[in-house]
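Subject: The structure I promised you

Hi,

Here is the structure we talked about, so you can open it while you read. Have a look around first, then come back to my notes.

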Amino acid sequence: MIPFIDLNAQQTLISTDLNKAINKVLEHGQYIMGPEVGEFEQALNDFCSIENSISCANGTDALVLALMALGIGEGDAVFAPSFTFVATIEAIRLVNAIPVFIDVDKDTFNISTTSLEEAINYINESTVYKPKAIIPVDLFGQTADYIKLEELADFYKLFVISDAAQSFGAEFKGKKVGGFGTITTTSFFPAKPLGCYGDGGAVFTNDSELAEKVRSYRNHGQGQDRYDNVRVGLNSRLDTIQAAILLEKLKIFPSEIASRNIIAQNYTKHLPENLNAQSVINEAKSVWAQYTVVSESRDLIREHLQHNKIPTAVYYPRPNHLQVPYEKFPVSPNGLKVTEYLQERVFSLPMHPYIDENTQDMILTALSGFK
Ligand SMILES: *Cc1c(COP(=O)(O)O)cnc(C)c1O
């Protein structure tokens, strides 16, 4: 079986530098908020061309911290796609706000602005909940259409919290992920495009007041000093060792993004006619967290690939509005037809920056061999 995601190839490539970086942390012993944390945040600012990067414990906390810093809570409606990893929706409930489920676009799999606007009007008219924010998700590594989303957000006076857990490093119209919306969150879970060796996450914003609040919330609501606590916060710091690892990985990340794009282009070029890949919008550059296709005979083709020693995965077989803790929350008035269509038909092919040409050929040959 070839690997679905291969973390060893990358590790072998930079093992000397990784070991040096980890050993340095073991020597200075500042495991919490050691110097590498600040260095990594500075490196993130430079990479994303953003003013404030705040590292934290994971991508779920990053969303919770963003919601807390924006003062979102009880009675507030937050619009988000149902077709996403559960954490997007879970974070909304963790601050006691109300998720409102939005459908996705059938080509990009990202939030549908039509379904979104219908839901905003519906919530506005019902006056039960107060519309506060949109959480667009950059699914599988491609940014949502932030031009349209920011227009809608301005018009309806909503915050945009960009869930970029899968799209760190992606671009849209020449702007890097981190700079879209009011605030952006990401994850450094090992299988994400930029992953550490454990849990990690970050929040990005150009609003320095908001950044100060996130910094405080991630460290027990700290005020002027360690024993001054001005709000109820979390313990959600990024471990120094993870920051040290991420600093090394960030150095080779641009070349990894380039490799992911070469592989995705090769897949797309040779994809059989009965499969449609996620389409990339104009002027967007995906980081291909997943390479996902739509098939009318998903189970059979996955079985055929498995038989040819090619692993696949399904993201997501059950959208969030159909999950027990979230099934009672409002859904956009015209339903989630595309979400329910995709849930039955999508699957993802192996994707990581180190898939060699032979392996790509093997995958494409197996795909074409399915009749
Ligand atoms: C992975 C992921 C998260 C959560 O990140 P963790 O670091 O695992 O907590 C949030 N949103 C999306 C879309 C994700 O894919």
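Below is what I found, beginning with the ligand and then moving on to the strands and two odd spots in the backbone. Please keep in mind that this is a predicted model.

**The ligand**

Start by zooming in on the ligand. Which residues come nearest to it? There are 14 residues around the ligand, and those that come nearest are Gly-59, Thr-60, Gln-166, Ser-187 and Lys-192.

Three of these are worth clicking on one by one. Gly-59 uses its backbone: a polar backbone atom there is 2.7 Å from an oxygen atom of the ligand. With Thr-60 it's the side chain, where a polar atom lies 2.5 Å from a ligand oxygen. Gln-166 also brings in its side chain, with a polar atom 2.8 Å from an oxygen atom of the ligand. How much of the ligand does the protein cover? On its own the ligand has 380 Å² of accessible area, and the protein covers 93% of that.

If you switch on a pocket view, the largest pocket is the space that the ligand takes. Two elements give two or more residues to the shell around the ligand: helix H3 (59-69) and helix H4 (87-94). Sorted by type, the shell has four nonpolar residues, eight polar ones and two charged ones.

**The strands**

Next, hide the ligand and look at the strands. One open sheet has three strands in the order S10-S12-S13, with antiparallel pairing. Its edges are strand S10 (276-277) and strand S13 (346-349), each of which pairs on one side only. Between S10 and strand S12 (residues 291-294) you'll find two bridges, and these strands run antiparallel. To see the link for yourself, pick Ala-277 and look for its bridge partner in S12, Val-293.

Another open sheet of three strands goes S7-S6-S11, and the pairing is antiparallel here too. Strand S7 (175-176) and strand S11 (284-285) are the edge strands, each pairing on one side only. Strand S6 (residues 171-172) is joined to S11 by two bridges in the antiparallel sense, and Phe-172 stands opposite Ala-284 of S11.

Parallel or antiparallel: how do strand S2 (residues 76-81) and strand S4 (residues 130-134) pair? They pair in the parallel sense, over four bridges. Ala-77 is the residue to click here, as it stands opposite Pro-131 in S4. S4 also pairs with strand S5 (residues 159-163), again in the parallel sense, over two bridges. In that pairing, Ala-133 stands opposite Phe-159 of S5.

A handy thing to remember while you rotate the view: side chains in a regular strand alternate between the two faces of the sheet.

**Two odd spots in the backbone**

Finally, two places in the loops. Where is the cis peptide bond that I'd like you to find? It joins Tyr-315 and Tyr-316, and omega there is about 5°. Tyr-316 belongs to the loop between helix H9 (298-307) and helix H10 (337-345).

The other place is Phe-140, which has a positive phi of about 60° although it is not a glycine. You'll find Phe-140 in the loop that lies between S4 and helix H6 (146-156).

Send me a note if you get lost anywhere.

Cheers

How values were computed. Residues are numbered from 1 along each chain as its sequence is written. This is a predicted model: local features need pLDDT of at least 70, side-chain atom pairs count only at pLDDT 80 or more; totals for chains, interfaces and linings use all residues. Side-chain values use heavy atoms; hydrogens and water are left out. A residue is near a molecule or strand if one of its heavy atoms lies within 4 Å of it. A polar contact is a pair of N or O atoms within 3.5 Å; within protein, one must be able to donate a hydrogen and the other to accept it, and residues adjacent in sequence count only if both atoms are side-chain atoms. Accessible areas come from the Shrake-Rupley method with a 1.4 Å probe; for residues, only the protein chains shown count as cover. On a 1 Å grid over the protein atoms alone, a cavity is a set of points where a 1.4 Å probe fits but cannot get out, and a pocket is an open set with protein on both sides within 12 Å along at least five of seven lines; lining residues have an atom within 4 Å of a point. A molecule sits in a cavity or pocket if more than half of its atoms lie within 2 Å of its grid points. Ala, Val, Leu, Ile, Met, Phe, Trp, Tyr, Cys and Pro count as nonpolar, Asp, Glu, Lys and Arg as charged, and the others, Gly among them, as polar. Two strands pair if DSSP finds at least two bridges between them.
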